[in-house]
Amino acid sequence: VVSDIVARRSALRRARRYGEADAILAQLLRAGIVVADAADGASTWHRRDDAPPELCFPDVLALGKRALAATSSDALTDAEADAAVAAYVREALDVVRHPGFVPRWHAPGRRTADAAFAFSMAGAVDEDLYSLLADAAASELLDRCRTLEAPSRRKRRPALHNYRTVVEKLAACDVDRSHRVFPAYRAILKDAKEEEEEEDPDTVLTLRAKRWRWRASRHLPSADAALTSRAEAFAELDAAISACDSLRPRPLIVDLGCGLGASAVALAEAYPDHAVLGVDASPGCVRAARGTARRAFDRASSRKRPGVVAFARADACDVLDWILSRRRFTVALICAQFPTPFAFFGDEAREQDPTQGGGLELVRRAPRPFMITPAFLERAARCLDEHGAPVALFTGSTPIVCERGAVFFASNVEDVAVHVHDLCVSGESNNGLVPYAVRPREDHQDEEVSPRDGDLRSRVPLREQKWATVAGPDRRARGPPWLDESPLPAAAASETEATLLLDHQPIHRLLLVPPRGDPRRSSCAAGG
């Protein structure tokens with residue numbers, strides 16, 4: 001009978017019906033049945049003699065997934081989604097606080113970390129839940145650490161991979177880095193002497209945590225078909241502002257397409273005298289970002305002056321129109337990082353409509369107009385011309401000040417980046433913004449490739465390789481004004497940028513400023 005149940009679960013996994021497969025696994029675990037999944041998709045099982053009495057606990061991972069489904073739904077208002085998430089959090093807390101809850105039976109392996117990650121993506125803010133789930137994950141994994149002491153590298157690798165995944169997902173949930181699971185992880189890496197961990201573990205862990213959130217964001221339900229109207233967008237922006245009374249007198253930093261809010265939260269911490277407004281079209285992203293910000297600033301308020309950040313769901317042009325219509329804000333920085341690319345600009349089938357959406361990363365979503373249009377650039381230029389405020393940026397060790405604000409654009413698609421550059425210099429945007437070359441960008445061809453890096457061409461996307469064959473030398477994102485480093489703080493890397501950095505993928509960056517507001521080098525840089 002058990003073999004038939006395990007076979008049915010394997011069939012559900014092959015059919016990608018993971019929710020039903022997880023429910024079957026939870027029932028087996030409560031019965032003391034241990035299931036092992038092989039890399040080829042096959043599953044084996046055995047019964048443990050020391051299994052505890054069967055306790056009908058709800059599966060904490062299933063609760064986290066239901067909370068995520070609720071917060072990602074367009075059918076629920078923000079208040080309804082928050083209430084649903086809070087109910088699932090209370091139920092999960094009842095489970096992990098129960099004296100009969102045994103992690104190795106009721107949530108073995110990575111399930112507690114997966115549950116914490118799902119609740120984080122749902123915007124849950126209860127710190128007790130994350131702490132208890134991290135405790136359960138730590139006790140489960142530390143009991144298995146003896147596997148890492150095996151002399152065989154073949155046996156040690158899977159255990160190390162599981163431990164790494166758990167720690168990265170807990171870091172993605174923003175669990176306090178003082179938790180015992182993190183120093184244990186660093187000690188294991190040091191003892192294992194893994195080649196891929198030669199870099200600073202904390203830096204790598206931060207980037208990998210953001211990559212997990214980036215992966216999860218790609219599976220959030222599409223919001224393209226249900227974008228709010230302009231009136232609804234204005235009302236939501238007004239509500240986001242009114243929720244932060246201290247937001248009004250501060251210069252704005254606008255993060256368009258903020259995703260899950262990693263960049264916006266870090267910008268608020270780096271610029272405490274500014275207010276950060278994160279905007280995205282997805283309700284799931286906005287709700288998750290609000291939860292992340294609330295937890296981050298609740299902890300920071302006891303140590304230092306917290307930043308100010310608000311999130312809203314709106315279209316990029318609607319946000320700029322809202323700023324222009326309200327006339328009570330100054331704007332220091334507008335970030336448009338990694339917008340969904342249009343189809344390949346050199347493809348004859350799409351040349352008639354080069355602004356059509358549906359790029360490489362989001363091919364499953366409905367096509368949408370490309371964010372950066374002449375109308376967008378004109379609105380951004382008006383915002384800076386009429387309401388611009390100074391902002392200090394950094395490129396390497398060189399600080400600069402944009403006296404009338406700036407627009408920061410970044411894309412991992414070279415033909416998209418060149419298209420945006422052409423819009424600025426061709427006059428289509430009424431020359432409202434001009435690219436500023438902070439420092440020359442080094443050509444990839446001049447990079448010295450170490451043996452560990454392998455073939456440099458393998459790190460360049462196929463789309464960029466195709467663009468290189470059809471574009472002339474003057475149509476490449478090389479040299480001034482392209483930036484080889486982000487002018488934002490390193491901690492403000494978005495989920496997408498962190499993924500690209502880990503994968504050694506090229507990033508094309510532009511700093512756009514009003515013609516009368518060219519940035520100047522700061523006095524300390526000039527003196528140096």
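In which loop is Arg16 found? In this predicted model, Arg16 sits in the loop between helix 1 (2-14) and helix 2 (18-30). Its phi is near 60°, a positive value in a residue other than glycine. Arg16 is exposed, as its relative accessible area of 63% shows. A comparable backbone feature appears at His504, where phi is likewise near 60°. His504 belongs to the loop between helix 18 and strand 11 (508-513), and with a relative accessible area of 45% it counts as partly exposed. A further backbone detail concerns Pro480 and Pro481, which are joined by a cis peptide bond with omega of about 10°. Pro481 lies in the loop between helix 17 (462-470) and helix 18 (495-502). For context, most residues other than glycine have a negative phi, and most peptide bonds are trans.

Turning to the chain as a whole, its secondary structure comes to 19 helices and 12 strands. Of the 528 residues in the protein chain, 51% are buried. Among contacts with a separation of 6 or more, 77% are between residues 24 or more positions apart.

The interior offers a good place to look next. In soluble globular proteins, nonpolar side chains tend to be buried together. Here the largest nonpolar core has 51 residues, and Val319 and Phe376 have the most contacts inside it. Helix 14 (residues 316-326) provides the largest share of this core, seven residues. Leaving aside neighbours within four places in sequence, Val319 touches Leu237, Val254, Leu256, Leu277, Val279 and Ala314. There is also a second, separate core of 50 residues, which includes Tyr163, Ala172, Val175 and Ala288.

Two members of that second core, Ala172 and Ala288, are also among the residues touched by Ser120. Ser120 is found in helix 6 (residues 111-121) and is buried, because its relative accessible area is 3%, under the 20% cut-off. Not counting residues up to four places away in sequence, the other contacts of Ser120 are Tyr130, Cys173, Arg213 and Arg295.

Helix packing completes the picture. Helix 14 and helix 15 (residues 374-387) have axes that come within 10 Å and cross at roughly 25°. The two are therefore roughly parallel, and their crossing is left-handed. On the helix 14 side, the contact involves Ala316, Cys317, Leu320, Asp321, Ile323 and Leu324, which meet Phe376, Arg379, Ala380, Arg382, Cys383, Glu386 and His387 in helix 15. By class, these residues divide into eight nonpolar, one polar and four charged. Phe376 thus takes part in this contact and is also one of the residues with the most contacts inside the largest core.

Helix 3 (residues 60-71) and helix 4 (residues 78-97) pack at an angle of about 175°, with axes 9 Å apart, which means that helix 3 is roughly antiparallel to helix 4. Helix 3 contributes Val60, Leu63, Arg66, Ala67, Ala70 and Thr71, while helix 4 contributes Ala81, Ala84, Val85, Tyr88, Glu91, Ala92, Val95 and Val96. This contact has 11 nonpolar, one polar and two charged residues.

Finally, helix 12 (residues 262-270) is largely enclosed by the rest of the structure, because seven of its nine residues are buried. These are Ala262, Ser263, Ala264, Val265, Ala266, Leu267 and Ala268.

Notes:
Residues numbered from 1 in each chain as written. Predicted model: local features only at pLDDT ≥ 70, side-chain atom pairs only at ≥ 80, totals over all residues. Heavy atoms only, no water. Axes fitted to C-alpha atoms, helices over the stretch in contact; angles between N-to-C directions. Helix = DSSP H or I, 4+ residues; strand = E, 2+ residues; numbered from the N terminus. Parallel < 35°, antiparallel > 145°, perpendicular 65-115°, else oblique. Contact = heavy atoms within 4.5 Å. Nonpolar A, V, L, I, M, F, W, Y, C, P; charged D, E, K, R; others polar. Buried < 20%, exposed > 50% of the residue type's maximum accessible area, 1.4 Å probe, protein only. Core = buried A, V, L, I, M, F, W, Y, C linked by side-chain atoms within 4.5 Å. Left-handed = near helix turned anticlockwise from the far one by under 90°.
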